[in-house]
Each structure stands twice: as structure tokens, then as C-alpha cells.
Amino acid sequence: MMKKPFVTKEKIEEIVKTYPTPFHIYDEKGIRENVKNLKEAFSWNEGFREYFAIKATPNPFLMEILREYGCGCDCSSYTELMMSEAMGITGSDIMFSSNDTPAEEFAYAAKLGATINLDDFTHIAFLEKVLGTLPETLSCRFNPGGLFSISNNIMDNPGDAKYGFTKEQLFEGFKILKEKGVKNFGIHSFLASNTVTNEYYPTLAKILFELAVELKNETGANITFINLSGGIGIPYRPDQEANDIKAIGEGVKNAFEEVLVSNGMGNVAIYTELGRYMMGPYGHLITKVQHEKHTYKEYVGCDSSAVDLMRPAMYGAYHHITVLGKEDQPLDFKYDVTGSLCENNDKFAVDRMLPKIEIGDYLAIHDTGAHGYAMGYNYNGKLKSAELLLKEDGTVQMIRRAETPKDYFQTFDQFEIFQKFNF
Ligand SMILES: *Cc1c(COP(=O)(O)O)cnc(C)c1O
């Protein structure tokens with residue numbers, strides 16, 4: 001499959017007159033079409049709800065778009081809860097799926113009325129101590145251990161993951177919670193990340209549905225929702241085939257009918273906490289080439305760095321690159337595309353075949369809409385980029401300004417040296 005950017009060179013040349021590179025730009029039209037398709041694929045389930053994993057792209061302007069389609073927020077930290085509250089998203093519109101959770105975060109989540117998803121058995125006692133009493137509705141995160149496979153392909157290694165209750169702990173936990181007065185229960189699990197297969201959700205759903213039947217039979221718990229969490233992936237590489245959300249919805253529906261409906265649990269709501277799938281493809285990092293270097297390899301250096309997109313440095317992740325305006329030229333030059341950090345892993349691409357690049361070319365780095373800006377950091381004192389929204393009508397709105405040196409030095413504001421920076 002050809003990966004085509006959602007902006008042209010001409011459009012970027014127009015945008016940079018107002019907003020200089022580097023910046024992340026998001027495609028409103030793409031975001032809307034995608035969330036509509038997700039809703040449609042799960043419309044067979046009356047209680048279906050997507051809680052957008054806000055950590056993927058914590059920007060209120062983007063969350064506001066998803067909210068129009070009924071999405072809630074999936075939060076995992078104090079500031080993510082603050083962002084939700086500031087947007088007026090409270091109560092059961094928040095799923096609080098955190099781990100190693102500080103007491104004040106549980107207290108804040110409970111104050112907002114969020115649905116709390118416990119990561120560990122010991123958090124039952126911890127939460128009770130923090131709140132004085134347990135909420136009426138609670139969810140628990142399940143970790144089956146071992147390896148997680150789909151038709152003999154190992155997808156991930158839950159046995160090595162820090163998250164969730166063991167199966168025994170889940171049964172014991174539900175009994176305790178029930179005794180302590182919890183009325184409504186949810187089950188959550190996240191077994192594999194960035195899956196590019198239509199089988200992941202249906203396979204996970206079947207495991208959780210069967211578990212729900214067992215839990216109900218053994219503990220009498222009233223299970224009202226099952227949260228399939230995140231993990232639906234996107235095709236970062238051009239040779240990967242995108243997931244078919246309709247087929248995924250069908251697959252979950254089949255498991256739902258086979259396991260839950262037949263056991264009298266047909267009114268269980270399905271929740272998702274997708275992050276990457278909701279936003280990933282609808283973001284590009286736009287950066288301008290500022291240097292060429294010819295040593296043992298051919299390098300092109302950009303005005304962005306791992307500060308704006310950490311995934312290649314952190315995971316060796318592939319992000320497709322389009323040289324804007326050169327879409328139709330042959331890919332007959334091999335480059336390392338670098339940022340300016342004093343770290344040799346600060347490379348957006350290694351040995352990548354691209355058209356001949358010149359200084360001043362604009363690169364669109366694809367699929368930065370999730371876990372892109374959000375993962376950024378300030379190493380080397382580099383400042384994080386702006387975020388722009390390409391609206392459906394073709395206009396551009398800045399939805400976060402670029403950082404300034406003052407932002408970087410702000411945490412010295414109580415100290416005398418702060419005055420010497422002369423902002
Ligand atoms: C990261 C995360 C998500 C979102 O994962 P994606 O792979 O972006 O879909 C959802 N739920 C929890 C608890 C997470 O940690």
C-alpha cells in the first residue's frame with residue numbers, strides 16, 4: 001500500500017508562513033471518519049463506549065472532537081484527570097486505568113466520580129483506606145500470565161508484564177469487593193500492543209467473556225461491562241494491511257453471542273480504551289531539512305528531533321517518511337534522517353530509501369498522531385514543537401503553541417537565577 005500524506009507541499013508552504021516547522025499536524029477529517037466507523041462497528045452493543053486513552057495525544061482540542069461522538073476519556077495520571085475535569089468530562093465519562101497508583105490520584109479520580117479500574121489485588125485495601133469506603137462500581141484488570149498467542153503466533157508476553165491481577169486474585173478480589181458492598185463490576189485486560197490483525201480483539205474478547213461467565217457463576221458478581229482496552233494497531237509500514245474495524249466488531253459480536261448471550265449476559269456493555277487507533281494515522285510531524293552530511297553514511301539533518309517523536313529512538317520504531325513534493329520521484333538514495341540531539345539513536349530513519357533530498361525540503365513523518373508529541377521530552381534542552389489542527393474546511397488552527405525557553409526554565413522560577421534569563 002502507498003502511504004500518502006494528508007498534506008501537500010503547497011499546503012505546508014502556506015502553513016509555515018504562520019507556523020514555522022517543526023510541528024505536529026492533525027487531520028480532523030480523518031479523525032472524524034475513523035471514530036464514526038468505530039462506533040458503527042460496535043453499534044450492535046447497546047452500551048458500547050470508547051474511552052480515548054488520553055495519554056496517546058493529550059490535547060483538549062482533539063478530545064473535544066471525539067467527544068462529539070460520545071467518547072469518554074481514559075486517564076492514568078493526576079494531570080490527565082485535571083485535563084478531563086477542565087473539559088467538563090467527569091463521572092462515568094472517565095475510566096481511570098492506572099497502575100502503581102498514588103493515593104492522591106485514587107482520591108481525585110473518586111472525587112470526579114470516575115470509574116476506577118484496579119491494577120492489583122492489594123489496591124483493594126489501599127483504595128478502601130484512601131477513600132474510607134469503596135465505590136459502587138469497580139473494575140479489575142486481568143493478566144492471564146504466560147504468552148499470549150493468536151493461531152500459534154506469539155503476540156506478547158503477559159507473564160512478563162507488570163499489569164493486572166492473576167486469575168486466582170481476580171476471583172478472590174471479586175468476592176471481597178462484593179462483601180464490601182461493590183454492586184457493579186467490570187473486567188479489563190490489555191494483552192498485546194499495536195496489533196495489526198483483525199483477530200486480536202475477538203480473541204481477547206472470548207477470553208474475557210468466558211472469564212466473566214465463570215466469575216459471575218462463582219462469585220455472583222453483577223458484571224456490567226467488559227473493557228477490551230487499547231491495542232488495536234495501525235500499519236506504520238507501507239507493506240502492512242490496515243485493520244478492518246468492521247471485521248473486528250463482527251468478531252467481537254460473534255464471541256459475545258456465543259459466550260455471553262447464551263449465558264444470559266447479553267446486556268454487558270463493551271468498552272474500549274483505544275489510543276493509537278483513534279489518532280495515530282491522523283498526525284504527521286512536519287520537519288524541514290537543514291543540513292546534509294557525507295561521511296561514512298549519507299545523513300540529512302532536520303529541524304526536529306526525538307524530542308518531538310521518541311518512538312524511533314526508544315523502540316527502533318518505523319515511521320514512514322514522505323519528502324513533500326517528491327512523492328513521484330524514485331527512491332534511489334539511502335539516508336539516515338537525523339535530529340540534533342547528542343544521542344546517536346536520534347534518527348527518524350536509518351538506511352531509508354528516499355528520493356534525493358535537498359536542504360529546505362519538507363519531510364512528512366507519518367503516523368505521529370498517537371504516542372508522538374505525548375512521549376516527547378526536553379533532553380539537550382530542546383523545546384517541544386507546536387501542534388496544529390488541519391480542519392475539515394482546509395483551514396489550520398494552532399492547538400498548542402511551541403515551547404519557549406521560558407517554559408523550559410520555569411521550574412527555576414523560585415530561584416534567583418531565573419531573573420537572569422531576561423525573558
Ligand atoms: C496505553 C493504554 C491504552 C491505549 O493503548 P493504545 O495501544 O494506544 O491503543 C489503553 N489503556 C491502557 C490502560 C493503556 O495503558
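Ala, Val, Leu, Ile, Met, Phe, Trp, Tyr, Cys and Pro count as nonpolar, Asp, Glu, Lys and Arg as charged, and the others, Gly among them, as polar. The exercises below use a predicted model.

**Exercise 1.** State how the lining of the largest pocket divides by class, and find where this pocket lies with respect to domain 1 and domain 2.

*Solution.*
- Step 1. The lining consists of 38 residues, and those nearest the pocket centre are Lys55, Arg141, Tyr163, Phe190 and Ser193.
- Step 2. Sorted by class, the lining has 14 nonpolar, 16 polar and 8 charged residues.
- Step 3. Helix 11 supplies the largest share of the lining, 3 residues.
- Step 4. Both domain 1 (9-24 + 281-409) and domain 2 (28-279) give residues to the lining, so the largest pocket lies between them.

**Exercise 2.** Describe the lining of the second largest pocket by class and by its main contributor.

*Solution.*
- Step 1. This pocket holds about 660 Å³ of space.
- Step 2. Its lining has 27 residues, with Lys4, Asp27, Gly30, Pro281 and Tyr282 closest to the centre.
- Step 3. The classes are 11 nonpolar, 8 polar and 8 charged.
- Step 4. Helix 2 (residues 28-41) gives the largest share, 5 residues.

**Exercise 3.** Locate the largest nonpolar core and name the residues that touch the most other members.

*Solution.*
- Step 1. The core has 84 residues, and Phe209 and Ile223 touch the most other members.
- Step 2. Helix 8 (residues 200-219) contributes the most, 10 residues.
- Step 3. Domain 1 and domain 2 both give residues to this core, so the core lies between them.
- Step 4. Beyond four places in sequence, the contacts of Ile223 include Phe174, Leu215 and Met265.

Technical notes
Residues are numbered from 1 along each chain as its sequence is written. This is a predicted model: local features need pLDDT of at least 70, side-chain atom pairs count only at pLDDT 80 or more; totals for chains, interfaces and linings use all residues. Side-chain values use heavy atoms; hydrogens and water are left out. A nonpolar core is a set of buried Ala, Val, Leu, Ile, Met, Phe, Trp, Tyr and Cys residues joined through side-chain atoms within 4.5 Å. Buried means under 20% relative accessible area, exposed over 50%, partly exposed in between (1.4 Å probe, protein chains only). Helices (H or I, at least four residues) and strands (E, at least two) are DSSP runs, numbered from the N terminus. Domain bounds come from an automatic or database domain assignment. Contact means heavy atoms within 4.5 Å. On a 1 Å grid over the protein atoms alone, a cavity is a set of points where a 1.4 Å probe fits but cannot get out, and a pocket is an open set with protein on both sides within 12 Å along at least five of seven lines; lining residues have an atom within 4 Å of a point. Grid points are joined across faces, edges and corners, and a volume is the space filled by probe spheres set on the points.
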